There are 2 protein chains.
Amino acid sequence: MTDEYFMQLALNEAALAFEEDEIPIGAVVVQNNSILARGRNMTEKLTDTTAHAEIIALTSAFSEIGAKYLPEATLYVTVEPCVMCSGALYWSKIKRVVWGASDPKNGYTRIQPAISPFHPKTEITTGIMADECAALMKAFFKGKR
Amino acid sequence: MTDEYFMQLALNEAALAFEEDEIPIGAVVVQNNSILARGRNMTEKLTDTTAHAEIIALTSAFSEIGAKYLPEATLYVTVEPCVMCSGALYWSKIKRVVWGASDPKNGYTRIQPAISPFHPKTEITTGIMADECAALMKAFFKGKR
């Protein structure tokens, strides 16, 4: 299965967040070509600004496999992870992180780190279905203005 | 009440973590001179590498006040926050962050950010009871060797 296939599943999570009036970001954690966990932004629903799609998906994945590291898993997320989520992914020792749209304003790049926040063993892939992922964000914020 | 008073309460949380064979880091969230939330590192107990003292304390504080921002609160933590926790504190818009021991290896400074990860409105105070906070960490890792 392709990166686009799994990114579409992350986009489905983002679309659910949109319907719930949450900033539409979705994530899935995949291992051996099957879904280990899903997450979508729930900061409004949980009244918790740490309830990002990636954190929810990671915590669910740890619970699913009963381990605190994910060296065989890939996390797909529709938008570039923020500083918090990049740091969470570091601790997870995840094999791969794939995101769609870049996010210079809120993504981890906003603090211009000299050293990548991700784990040295983590492979990074960006730009998968970037237009679709960004379009959902634009539609959401357009509706807020 | 002084910063040392509240840092001692964070140290008490760290000591509980130590007893539970967790890396001994503790945190408290304070508002109007009273404790809003407590947290201690629970990564082993919860099998979740995102279960840091600060994240647990923040999530508990949001729940306690029923709001997703903490502009009137101070978080005390025994050790310099990591990248993940600095990013979580950013989202919380917390008034003040106070830590004890610095942590160049695992703290947020490990990625050498050009821009502070904390919210521009957040006041930072460091070095409160640094020796006591560091001593607990050293005793823990000495016991692991």
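In what order do the strands of the open sheet in chain B run? Select chain B and step across: the order is β2-β1-β3-β4-β5, 5 strands with mixed pairing. Here two strands pair if DSSP finds at least two bridges between them, and helices (H or I, at least four residues) and strands (E, at least two) are DSSP runs, numbered from the N terminus.

Before going on, some ground rules: this is a predicted model, where local features need pLDDT of at least 70, side-chain atom pairs count only at pLDDT 80 or more, and totals for chains, interfaces and linings use all residues. Residues are numbered from 1 along each chain as its sequence is written, chains are lettered from A and ligands numbered from 1 in the order in which they are written, and side-chain values use heavy atoms, with hydrogens and water left out.

**Stop 1: the sheet in chain B**

Colour 34-40 and 123-126 of chain B: these are β2 and β5, the edge strands, each pairing on one side only. From one strand to the next, the twist averages 15 degrees. Now add β1 (residues 26-31) of chain B, which runs antiparallel to β2(B) and is joined to that strand by 6 bridges. Click Q31(B) and you'll find its bridge partner in β2(B), S34(B).

Next, show 53-65 of chain B. That is helix α2, packed on the sheet and touching β1, β2 and β3 (74-79) of chain B. Its direction makes about 140 degrees with that of β2(B); axes are lines fitted to C-alpha atoms, for helices over the stretch in contact, and angles run from 0 to 180 degrees between N-to-C directions. Contact means heavy atoms within 4.5 Å.

**Stop 2: L75(B) and W99(B)**

Select L75(B). In the largest nonpolar core, which has 58 residues, L75(A) and L75(B) touch the most other members. Such a core is a set of buried Ala, Val, Leu, Ile, Met, Phe, Trp, Tyr and Cys residues joined through side-chain atoms within 4.5 Å. Beyond four places in sequence, the contacts of L75(B) include V28(B), E54(B), L58(B) and I94(B).

Move to W99(B), in strand β4 (residues 96-101) of chain B. Is W99(B) buried or exposed? W99(B) counts as buried, at 5% relative accessibility; buried means under 20% relative accessible area, exposed over 50%, partly exposed in between (1.4 Å probe, protein chains only). Among its contacts beyond four places in sequence are M7(B), Y108(B), F118(B) and I128(B).

**Stop 3: E54(A)**

Switch to chain A and pick E54(A), which UniProt lists for "active site" in an unreviewed entry; such annotations may be inferred rather than shown by experiment. E54(A) is in helix α2 (residues 53-65) of chain A and counts as buried, at 4% relative accessibility. Look around it for C82(A) and C85(A), among the residues E54(A) touches.

**Stop 4: salt bridges**

The structure holds 14 of these over all chains, each a side-chain nitrogen of Lys or Arg within 4 Å of a carboxyl oxygen of Asp or Glu. Start with E20(A) and R40(A), whose closest N and O atoms are 2.7 Å apart. E20(A) sits in the loop between α1 (3-19) and β1 (26-31) of chain A, and R40(A) in strand β2 (residues 34-40) of chain A. Add E13(A) and K45(A) to see the salt-bridge network that links them with E20(A) and R40(A).

Finish in chain B with R40(B) and E13(B), paired at 3.8 Å between the closest N and O atoms. R40(B) lies in strand β2 and E13(B) in helix α1 (residues 3-19) of chain B, so this salt bridge ties together parts 27 residues apart in sequence.
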